[in-house]
Amino acid sequence: MENPEPLPGHRIDPGAVDQEDIDAYRLLAGDIAAGTAVVATRHHGHDIAATVTGFLDVSYDPPTMLVSLYADGRIAEAVEAAGTWTLSLLTGGQEGTANWLASPGNPVHGLLNQVHFSRSPVSGSAVIDGAIAWFELRTTAVHPVATHLVVAGEVVAMGGTGDPHAENDPLVHFSREYRHLR
């Protein structure tokens, strides 16, 4: 049955988005629960990595995923230039890694010196040790959308670095904080 009362909310004029609109959006969008992962690539002989919560399994035939990267960030430039990248799904015990790789102003060189990782089989990009699962991808499309690049990739290798029979505790981002399901 339709509710006859007007729906309370915040209207946005698409032609004139202001800071109040952005703040209201960020507050409400922060209540979208999302998995937490690390995207990594090799660019000019250096490891570049960042924490992400905007990623999606797109298709199983062929296996394809996408990720949303801040367009002005080092990781977006590196992923677009390299053409290959990895996505490591983090566990609840890897919150420190998530925080480190989400921090602005991280060093360009030696970024992963304090993070345990292995090399992916195709491109040699970093895969975070102990991740629930990892995927290595070859970029198939890049689309600029607002302040971000949406990068689609076909999976060229994948695996799990944890025990496949264990009950994994994924690291979830909700309401501007990391949370655990267990």
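## The three-stranded sheet

In this predicted model, three strands line up as β1-β11-β12 in an open, antiparallel sheet. The edges belong to β1 (34-35) and β12 (177-180), and each has a single partner strand, so one side of each is left without a neighbour in the sheet. If you want to find the pairing of β1 in the viewer, look at β11 (residues 171-174): two bridges join these strands in the antiparallel sense. A34 is a handy marker here, standing opposite H173 in β11.

There's a helix to look at here too. Helix α3 (residues 95-102) lies across β11 and β12, and its direction makes about 160 degrees with β12.

## The seven-stranded sheet

The other sheet to trace is an open one with seven strands, in the order β3-β2-β6-β9-β10-β5-β4, again with antiparallel pairing. Its edge strands are β3 and β4 (55-60), each of which pairs on one side only. On average, neighbouring strands of this sheet are turned by 30 degrees against each other, ignoring direction. As a general reminder, strands of a sheet pair through backbone hydrogen bonds, either parallel or antiparallel.

Now for some of the pairings. β2 and β6 run antiparallel and share four bridges, with V38 having S88 in β6 as its bridge partner. On to β6 and β9: six bridges join them, also in the antiparallel sense, and T86 stands opposite E136 in β9. β5 and β10 are antiparallel as well, joined by seven bridges; there, T64 stands opposite E154 in β10. As for β6, five of its six residues are buried, so this strand is largely enclosed by the rest of the structure.

## Helices on the big picture

Which strands does α2 lie across? They are β2, β3, β5, β6, β9 and β10, and α2 runs at about 55 degrees to β2. α3 packs on this sheet too, touching β2 and β3, with its direction at about 110 degrees to that of β3. Recall that α3 also lies across β11 and β12, so go by the strand labels when you follow this helix around.

Helix α2 (residues 74-82) has four names to highlight as buried: I75, A76, A78 and V79. These buried residues pack against β2 (37-43), β3 (46-52), β5 (63-70), β6 (84-89), β9 (133-145) and β10 (148-159). In general, an α-helix has 3.6 residues a turn, so residues three or four places apart point the same way. Just after α2 comes G83, which takes a positive phi of about 80 degrees.

## Salt bridges

The chain has four salt bridges, and R42, D47 and R119 are linked in a network of them. D47 meets R42 side chain to side chain at 3.2 Å, N to O, and meets R119 at 2.6 Å, N to O. That R119 pair links distant parts of the chain, with R119 in strand β7 (residues 117-119) and D47 in strand β3, 72 residues apart.

Is D47 buried or exposed? D47 has a relative accessible area of 13%, so it counts as buried. Its two partners come out as partly exposed: R42 has 30% relative accessible area, and R119 has 42%.

Another of the salt bridges joins R179 and E177, at 3.7 Å from N to O. Both ends are partly exposed, R179 with a relative accessible area of 32% and E177 with 45%.

## A nonpolar patch on the surface

On the surface, I12, V17 and I22 make up a nonpolar patch, with about 230 Å² of accessible area together. I22 sits in helix α1 (residues 19-29). Its relative accessibility is 36%, so I22 counts as partly exposed.

## The whole chain

Stepping back, the chain has three helices and twelve strands. Its C-alpha atoms fill a box of roughly 55 × 35 × 35 Å along the principal axes. Of the 182 residues, 35% count as buried.

The chain exposes about 10900 Å², and carbon and sulfur atoms supply 55% of that. Among contacts with a separation of 6 or more, 63% come from residues 24 or more positions apart.

Note on methods
Residues are numbered from 1 along each chain as its sequence is written. This is a predicted model: local features need pLDDT of at least 70, side-chain atom pairs count only at pLDDT 80 or more; totals for chains, interfaces and linings use all residues. Side-chain values use heavy atoms; hydrogens and water are left out. Patches are made of residues with over 30% relative accessible area and no salt bridge: like charges are joined within 9 Å, nonpolar side chains (Val, Leu, Ile, Met, Phe, Trp, Tyr) within 5 Å. Accessible areas come from the Shrake-Rupley method with a 1.4 Å probe; for residues, only the protein chains shown count as cover. Buried means under 20% relative accessible area, exposed over 50%, partly exposed in between (1.4 Å probe, protein chains only). Two strands pair if DSSP finds at least two bridges between them. Contact means heavy atoms within 4.5 Å. Axes are lines fitted to C-alpha atoms, for helices over the stretch in contact, and angles run from 0 to 180 degrees between N-to-C directions.
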